[in-house]
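Me: I should like to work through this model by question and answer. Please reason briefly each time and finish on the value or name requested.

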Amino acid sequence: MYLHIGPSKSVRKRDVIAIFDLDSSTVSLYTRKFLKDAEREKRVVTLGYELPKSFIVMRDETVYLSPFNSSTIYK
């Protein structure tokens, strides 16, 4: 089964580790460090041109920033 996570992007559901809400999860210092390290290692992919609302962590350690709300992706 596939998940539609952003404009023109679908991923296999079994490859998804976690889906996070960007606003509530970036309060934590550990989450901000994780995202900063992923960006430094060029593992972050921004989907679309809108402000990101969620991020998706994949098995291959890729992090997708999605303009979709995390609850919308989860459904």
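Reply: The model is a predicted one. A suitable starting point is Ser-66, which, leaving aside neighbours within four places in sequence, is in contact with Ile-5, Gly-6, Pro-52, Lys-53, Ser-54, Ile-56 and Ile-73.

Me: Is Ser-66 buried or exposed?
Reply: Ser-66 is found in strand β6. A residue counts as buried under 20% relative accessible area. The relative accessible area of Ser-66 is 0%, so this residue is buried.

Me: Which backbone atom does the side chain of Ser-66 reach, and at what distance?
Reply: The partner belongs to Phe-68. The atom reached by the Ser-66 side chain is the backbone nitrogen of that residue, at 3.1 Å.

Me: What is the strand order of the open sheet of four strands?
Reply: Pairing in this sheet is mixed. Strands β3 (16–21) and β4 (44–46) each have a single partner strand, so they stand at the edges, with one side of each left without a neighbour in the sheet. From one strand to the next, the twist averages 20°. The order is β3-β5-β6-β4.

Me: Which residue of β5 is the bridge partner of Ala-18?
Reply: Strands β3 and β5 (residues 54–58) run antiparallel and are joined by five bridges. The β5 partner of Ala-18 is Val-57.

Me: At about what angle does helix α2 run to β5?
Reply: Helix α2 comprises residues 29–40. This helix lies across β4, β5 and β6 (63–66). Its angle to β5 is about 65°.

Me: Which residue in β2 stands opposite Leu-3?
Reply: Strand β1 (residues 2–6) and strand β2 (residues 9–12) run antiparallel, with four bridges joining them. They form a hairpin with two residues between them. Opposite Leu-3 stands Val-11.

Me: What is the phi of Ser-8 in the turn of that hairpin?
Reply: Most residues other than glycine have a negative phi. Ser-8, in the loop between β1 and β2, has a positive value although it is a residue other than glycine. At 79% relative accessibility this serine counts as exposed. Its phi is near 60°.

Me: Where is Lys-42 found?
Reply: Lys-42 has a positive phi, near 60°. With 74% relative accessibility, Lys-42 counts as exposed. Its place is the loop between α2 and β4.

Me: How many residues does the largest nonpolar core have?
Reply: Nonpolar side chains tend to be buried together in soluble globular proteins. Among the members here are Leu-3, Ile-5, Val-11, Ile-56 and Ile-73, and β1 and β5 each supply at least two residues of this core. A second, separate core of seven residues includes Phe-55, Val-57, Val-63 and Leu-65. The largest core has nine residues.

Me: Which residues are in contact with Ile-5, leaving aside its neighbours within four places in sequence?
Reply: Ile-5 belongs to the largest nonpolar core. Under that exclusion, the residues in contact with Ile-5 are Val-11, Leu-47, Ile-56, Tyr-64, Ser-66, Phe-68 and Ile-73.

Me: Which residues are in contact with Ser-25, leaving aside its neighbours within four places in sequence?
Reply: Ser-25 is found in helix α1 (residues 22–25). Because its relative accessibility is 12%, Ser-25 counts as buried. Its contacts outside those neighbours are Phe-20, Thr-31 and Phe-55.

Note on methods. Residues numbered from 1 in each chain as written. Predicted model: local features only at pLDDT ≥ 70, side-chain atom pairs only at ≥ 80, totals over all residues. Heavy atoms only, no water. Buried < 20%, exposed > 50% of the residue type's maximum accessible area, 1.4 Å probe, protein only. Contact = heavy atoms within 4.5 Å. Pairing = 2+ DSSP bridges. Axes fitted to C-alpha atoms, helices over the stretch in contact; angles between N-to-C directions. Core = buried A, V, L, I, M, F, W, Y, C linked by side-chain atoms within 4.5 Å. Polar contact = N/O pair within 3.5 Å; in protein donor to acceptor, adjacent residues only side chain to side chain.
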